[in-house]
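Dear colleague,

I am passing on the structure we spoke about, and I would be glad if you could look through it with the notes underneath at hand.

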Amino acid sequence: MNLCALPVVAVSNTVCFSPGVPIVIPINAENAVRRAAIDLQRDLAVVLDSESPLVTECPTDRASIEILTPDPTLGAPEAHQIRVIEGPGAPPRVTLGGSDLRGVIYAIYSFSEHALGIPPLWFFANWKPTRLPAVELPFDFVLNIRPPHVRWRGWFPNDEDMYAPWEALAANDHFDRILETMLRLKLNIIDLAEIIDYPSTQRLARPRHVHDRGLAMTTTHTSPLGTNWAHWEQFWRDVRHQEPPPLRLDQVKAMEEFWIYQIELCQREGFEMIWEIGFRGNGDHSFANAFPDAPPDAAGRAEVISEMIKIQIALVRARHRNGPLRMRTVLYNENSDYLAAGLLKLPQDPDLIWNYVAARRDHFPAADIRNGDLPANQPYGYYLNLQFTSTGAHLAQAEGPWKIARNYEIAAAVSKRPLELWIVNAGNFREFSREVSAHASIAWTPAGWNADAFLNAWCACYFGAKQASAASGVIRDYYNSYWTQRAPDLPDFPRQYIFYDMRVARACEDLLDTWTEPVKRVALDDRNMGYYRIDPATEKTDDQLTALTRGLSRSIERLDGVTREAAALETELTAQGRRLWRDNVRVQAQVVLATDRALLALVRGYRERSDEAVRRAALEKAEVAFAHARSWLTSADEPPFTGWSAPETLWGINVMRSKITQLLSGEKVTRRDRP
């Protein structure tokens with residue numbers, strides 16, 4: 001982009017927008033557009049070192065940036081356009097327009113990205129934009145951005161042990177930065193855990209904030225219509241002022257009243273909803289754990305779920321007001337199994353998205369979507385975990401754009417119609433910002449999408465074109481350092497199985513908890529849950545711990561090289577990209593390396609039963625490795641992420657260190673229940 005220090009006039013074939021350029025906003029603009037315009041004010045002030053006023057009429061004496069009212073003629077929902085207008089009798093202006101509310105918002109942020117050089121992850125990169133004397137655009141500049149291929153593209157914050165405390169430190173500001181980042185990435189829906197207003201309307205603060213920013217919302221599969229059975233008794237006592245009816249399947253009328261309240265609450269608030277439809281139990285479990293009269297067999301339970309889905313759809317449809325009706329049913333856990341077995345009967349409904357889900361414990365499409373018979377005109381969606389509390393990624397991203405793309409390809413191939421919805425689960429958003437970026441990119445324009453090209457472009461954006469190739473090479477090596485503990489069983493799906501950092505955490509804890517017990521032939525028990533999925537034959541052995549030792553040793557060797565390359569490249573990056581490189585690449589590689597070393601030490605110590613000195617040395621070596629992991633995490637806790645990693649509990653680095661201290665002191669290990 002060329003710079004121009006001249007006054008605001010057309011010069012040659014360009015138009016310059018100088019410091020203080022006014023932002024024209026419609027007098028009746030919705031609050032979500034006004035919020036985005038205020039962000040643009042901030043961006044212009046940083047880049048041009050001068051405040052830009054918000055005005056409601058185009059000035060007659062200087063160029064301006066004009067935000068237009070939504071114009072459906074620009075295309076399907078969320079299409080948007082940036083255009084320089086220059087004609088006789090009026091100063092030039094650049095217009096930011098969209099086919100609808102979000103299209104206008106996306107145009108605002110697209111201008112910030114393309115004209116001001118502020119990328120979507122500016123907040124996470126602690127980005128310092130380049131100061132410009134003016135912004136110059138060609139007089140015939142037009143940027144048309146077609147509507148997205150996937151209509152609904154979202155993020156599900158889950159397992160937020162680090163994110164949630166950080167948000168609470170400055171709830172409004174920190175959550176707002178997350179929502180702004182979603183809009184800059186052109187996501188449009190957030191999956192909130194629940195939406196309730198009792199015992200206080202303060203519980204509506206987050207959904208109201210989401211609505212105020214112009215995003216749609218849904219709720220997770222554990223909270224159909226925005227609530228769950230944990231609120232059953234409080235609802236009846238605090239809202240209906242009566243003793244709760246028993247939670248039994250014959251109390252359908254009471255359940256309907258419970259759900260109707262939720263529907264009407266969201267409608268009163270004006271929330272843009274994709275209603276979650278489903279029937280589950282307490283927590284992330286089958287309804288059988290909450291209902292004593294649940295059928296004992298899978299067929300009977302699937303029939304109950306089918307009927308409850310019909311009831312909920314009827315309740316929503318009866319109270320549906322203006323605008324399109326949108327619902328989804330998340331086919332998670334037992335629902336996925338029931339559907340794959342032909343037991344769960346879903347209604348073929350143009351307003352209901354059949355929301356398939358990745359396999360449990362690992363990140364690839366489950367059997368129901370791979371083998372299902374999807375009606376030709378049935379809307380469907382996909383929910384992809386980028387993490388799992390029990391077995392997946394948590395402290396460091398692991399999938400990479402290639403595996404995200406492969407998930408999309410399989411999900412998109414089951415129907416001739418486009419995916420209606422695609423949501424990714426990534427609780428601690430900061431750790432997965434690169435992968436959420438890939439998800440957003442492929443969902444908007446999957447045709448011709450290439451993971452390598454995406455990664456190179458992403459690196460060029462944040463680390464500079466000169467270093468893009470080297471940076472993408474280091475990142476690719478990082479992803480490939482993970483041990484793939486079993487061969488893929490799906491065609492053309494490399495890295496289908498990965499020994500994620502939460503698997504490392506679980507293995508460390510299992511070995512420490514059984515440190516003084518007799519050695520087991522299978523020390524790391526899957527417990528019929530797929531916690532490890534280690535196939536020793538992959539490492540040409542029949543012994544689980546031998547396979548683990550060989551795989552981890554190879555990962556450590558690769559990661560050792562990655563960390564050296566990452567450290568060397570950091571010194572060559574510009575100041576703009578150095579922070580994101582350190583936090584998003586170098587620190588994550590160091591943490592995975594340290595925890596892999598800790599586990600390898602524990603495996604060797606666990607197997608040694610004849611030499612106590614060797615066993616103690618193994619514990620001490622693991623303690624040093626855990627200390628290194630903790631130190632690297634802390635090194636990334638600089639403003640605006642002060643204290644980010646301190647509340648970490650799901651991985652449990654401090655828990656592991658405490659167990660080691662107990663073992664070295666001859667004490668009994670304190671056990672805990674892992675998710």
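What follows describes a sheet, the helices that lie across it and one pair of packed helices.

Please keep in mind throughout that this is a predicted model. Eight strands form an open sheet with parallel pairing, and their order is β12-β11-β10-β17-β16-β15-β14-β13. The edges are taken by β12 (216–219) and β13 (275–276), each of which has a single partner strand, so one side of each is left without a neighbour in the sheet. At the β12 edge, strand β11 (residues 189–192) runs parallel to β12 and is joined to it by four bridges, and within this pair I189 stands opposite A216.

Two helices can be placed against these strands. Helix α4 (residues 171–184) lies across β10 (152–156) and β11, running at about 135° to β11, while helix α11 (residues 400–412) lies across β16 (380–385) and β17 (421–425), at about 155° to β16.

There is also a helix pair to look at. Helix α6 (residues 232–239) packs with helix α7 (residues 252–269) at an angle of about 75°, their axes being 11 Å apart; since angles of 65 to 115 degrees count as roughly perpendicular, α6 and α7 are therefore described as roughly perpendicular to each other. On the α6 side the contact is made by W232, F235, W236 and V239, and on the α7 side by A254, M255, E257, F258 and Y261. Sorted by class, this contact of α6 with α7 has eight nonpolar residues, one charged residue and no polar ones.

With best wishes

Notes
Residues numbered from 1 in each chain as written. Predicted model: local features only at pLDDT ≥ 70, side-chain atom pairs only at ≥ 80, totals over all residues. Heavy atoms only, no water. Pairing = 2+ DSSP bridges. Contact = heavy atoms within 4.5 Å. Axes fitted to C-alpha atoms, helices over the stretch in contact; angles between N-to-C directions. Parallel < 35°, antiparallel > 145°, perpendicular 65-115°, else oblique. Nonpolar A, V, L, I, M, F, W, Y, C, P; charged D, E, K, R; others polar.
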